[in-house]
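Subject: Structure for your review

Dear colleague,

Please find below the structure that I am handing over to you. A summary of what was found in it follows.

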Amino acid sequence: MRIGMLCYPTFGGSGVLATELGMALAARGHVLHFISYKKPVRLDDTVPGMHYHNVHAEDYPVFDFLPYESALTSTLVDVAMREQLDVLHVHYAIPHASAALFAHHILKELGRFVPVVTTLHGTDITLVGREASYAPVVTYSINHSHAVTTVSSYLRQATLDHFEIRREIDVVHNFVDLGRFGKAPTDCKLRQILSPNGQTRILMHVSNFRPIKRIHDIIDMFVELRKRLPAKLILVGDGPDYPGIARRIKDEFLQCDILLLGKQEAVEDILPAADLFVVASEHESFGLSALEAMACGVPVLATRAGGLPEVIEPGRSGELVAVGDVPDMVRQAEHMLAQDSRLLMYKAKARLRAQQFSSKHIVPLYEDIYSRVCAADNVPH
Ligand code: GMT
């Protein structure tokens with residue numbers, strides 16, 4: 001198929017998932033056209049079948065705000081006509097779903113039927129999408145897309161709870177490429193440097209450093225944990241909370257034990273260094289970074305928030321705690337890390353659990369949805 005893919009090009013999970021999906025589809029013989037304002041971080045447009053188109057919103061003195069959505073819609077129409085696209089798959093409702101639907105209507109006038117598949121990722125529904133300034137557009141876009149998917153059952157229910165939905169929504173969980181994620185920890189230089197004898201436990205967190213990630217809870221937990229066992233904490237990523245976190249680490253003289261690595265393109269090379277991956281989020285529709293850690297054989301200590309319980313099985317691939325319960329985070333982390341044999345059990349189960357979210361199982365579900373919406377008798381809602 002010839003597939004138009006829209007996503008945010010940043011390090012956020014929705015862009016990462018869209019890019020991984022595009023790469024997997026290209027490897028299966030489809031032709032992919034990514035459309036965004038910047039090339040997505042993990043996108044390799046040198047692989048056969050992969051193309052990238054830049055959206056350029058022209059500036060003009062009358063514009064206080066650039067009309068990005070109009071530029072995006074026009075680019076979609078142009079690419080869809082030129083490349084004879086079969087389907088548009090948009091990730092993150094705002095503004096991608098409404099732009100794609102508008103493009104769909106323009107294309108129809110030009111004699112082309114190009115259905116729209118919308119994948120909801122989380123904050124487009126749980127936070128931003130519910131704002132009065134966006135809610136009517138999000139509701140319309142969900143009701144009128146030709147197929148809608150959510151990345152967890154939790155997010156499906158949240159969508160039904162927060163919006164007036166008159167349609168079916170498919171749950172298609174996020175996935176991971178088990179070939180790329182899962183190098184042996186012994187190959188990992190970072191691990192060899194931080195824990196040469198394997199006795200220093202390495203905790204890791206990867207995110208976009210937004211307040212909902214509650215990174216201060218992770219630091220509070222770590223400060224207590226390192227009194228109980230030798231440990232280091234690696235924080236990967238960047239975002240609004242980064243300066244405050246960096247200041248705190250300096251002010252509290254934690255630099256020797258907490259490493260800030262900033263944004264990293266190849267997290268698959270860093271994750272195998274860890275013994276424990278930590279997610280302290282207040283909201284998390286799925287937790288793609290946790291799944292990527294599990295694929296590397298790293299168990300997860302996470303909050304019982306959103307879709308995380310659909311990914312992590314307590315007592316096997318990780319443990320779950322209430323949001324903000326730092327003392328319980330310390331208890332659970334110590335329990336998972338204190339004994340080599342127990343930690344090895346968690347590590348093995350984490351990798352095993354990740355296999356249930358392998359790209360091999362999940363990508364064909366999207367292919368089925370594309371075939372369904374492209375069927376000639378498909379009528380928009
Ligand atoms: O977590 C973020 O802040 C980024 C966000 C995004 O929209 O890019 O991630 C969301 O989508 C990911 C991929 O589906 C999910 O794994 C994340 O759980 C979800 N984030 C939230 O729900 C907060």
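A polar contact is here a pair of N or O atoms within 3.5 Å. A backbone N or O atom of Leu 288 meets this cut-off, as it lies 2.9 Å from an oxygen atom of the ligand. Please note that the model is a predicted one.

Further backbone contacts concern two other residues. A polar backbone atom of Phe 286 is 3.1 Å from an oxygen atom of the ligand, and for a backbone N or O atom of Gly 13 the distance to a ligand oxygen atom is 3.0 Å. The ligand taken alone exposes 490 Å², of which the protein buries 95%.

As to its location, the ligand occupies the largest pocket. It is surrounded by 19 residues, and the closest are His 121, Asn 208, Arg 210, Lys 213 and Glu 284. By character, the shell around the ligand consists of eleven polar, five nonpolar and three charged residues.

The domain arrangement may help you to place this site. The chain is divided into domain 1, which covers 2–175 + 359–375, and domain 2, which covers 185–355. Between the C-alpha centres of domain 1 and domain 2 there is a distance of 31 Å. In the contact between the domains, 19 residues of domain 1 meet 17 residues of domain 2. Which domains contribute to the shell around the ligand? Both domain 1 and domain 2 do, each with at least three residues.

Yours sincerely

Note on methods
Residues numbered from 1 in each chain as written. Predicted model: local features only at pLDDT ≥ 70, side-chain atom pairs only at ≥ 80, totals over all residues. Heavy atoms only, no water. Near = heavy atom within 4 Å. Polar contact = N/O pair within 3.5 Å; in protein donor to acceptor, adjacent residues only side chain to side chain. Areas by Shrake-Rupley, 256 points an atom, 1.4 Å probe, with all protein chains shown as cover. 1 Å grid on protein atoms, 1.4 Å probe; cavity = no way out; pocket = protein on both sides within 12 Å on 5 of 7 lines; lining within 4 Å. Sits in = over half its atoms within 2 Å of the grid points. Nonpolar A, V, L, I, M, F, W, Y, C, P; charged D, E, K, R; others polar. Domains from an automatic or database assignment. Contact = heavy atoms within 4.5 Å.
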